[in-house]
Amino acid sequence: GAKAEIALEKLPYLATIFRQEPNADTYWRNIQDQDANWYDLRISPFLQQDQIRGWLVILRDITEQKELETALRASEELYRNVTEKANDGIAIIQDHQLIYCNPQLAALIGREIEDLVGHSFLDLMPPEYAKHVQERHIRRMRGEAEPTRYESFLLHASGDHVPVEFNVNIMDLGSKPALLAIVRDITEQVKTEKILLEHIRN
């Protein structure tokens, strides 16, 4: 009918399918019309006595979904560029586990990213500092007032303690709370402060 002719005109790819040899299998694909709209296309044969007598064609407009996917991919690329090129270490913690860390954080403690993600964030800390940081983390995730910026230490693969400044904020990730932590190496700052204190004392 007229509607079918309009659909075939706007969707040349659909017309191409019907010019091909009949196929009894259900056909599925995402296609685009001449106006750049996207559709989920499903074509199923209508059989009578094992003979194809017609076709059931279902078109679902998925333009908005495609646009969202494109925007998300762009956002993810921007996010990766920002975090991986940052000077500071960046970590995301959820359910007490490290679910993301950038290369700078891994390098700061002499580890590989693959060795950190999926493990407790407390594994990054010297045991004598881990309990205090854990208690602070629990209170913060319960909504209690805690400083967003504080100093502590990370445990380097060599066994050395690395002085760092944490800048932390709660965020929503996958409908669950998570903690975004910016980790700054303050080794040189600590050394300078120590020299100044010694100078003052002398």
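This report walks through a predicted model, from the whole chain down to one residue and the cores around it. Residues are numbered from 1 along each chain as its sequence is written. In this predicted model, local features need pLDDT of at least 70, side-chain atom pairs count only at pLDDT 80 or more, and totals for chains, interfaces and linings use all residues, while side-chain values use heavy atoms, leaving out hydrogens and water.

Let's start with the chain. It holds seven helices and eight strands; helices (H or I, at least four residues) and strands (E, at least two) are DSSP runs, numbered from the N terminus. Of its 202 residues, 29% count as buried, meaning under 20% relative accessible area with a 1.4 Å probe, protein chains only.

Now meet Asp 88, which sits in the loop between α3 (63-84) and β4 (89-94). Asp 88 is buried, because its relative accessible area is 17%. Its side chain makes a polar contact (a pair of N or O atoms within 3.5 Å, one able to donate a hydrogen and the other to accept it; residues adjacent in sequence count only if both atoms are side-chain atoms) with the side chain of Arg 184, at 2.8 Å.

Here are the contacts (heavy atoms within 4.5 Å) of two residues, leaving aside neighbours within four places in sequence.

| Residue | In contact with |
|---|---|
| Asp 88 | Asn 102, Gln 104, Ile 182, Val 183, Arg 184 |
| Val 183 | Asp 88, Gly 89, Leu 105, Leu 108, Leu 154, Val 164, Glu 165, Phe 166 |

Notes:
Buried < 20%, exposed > 50% of the residue type's maximum accessible area, 1.4 Å probe, protein only.
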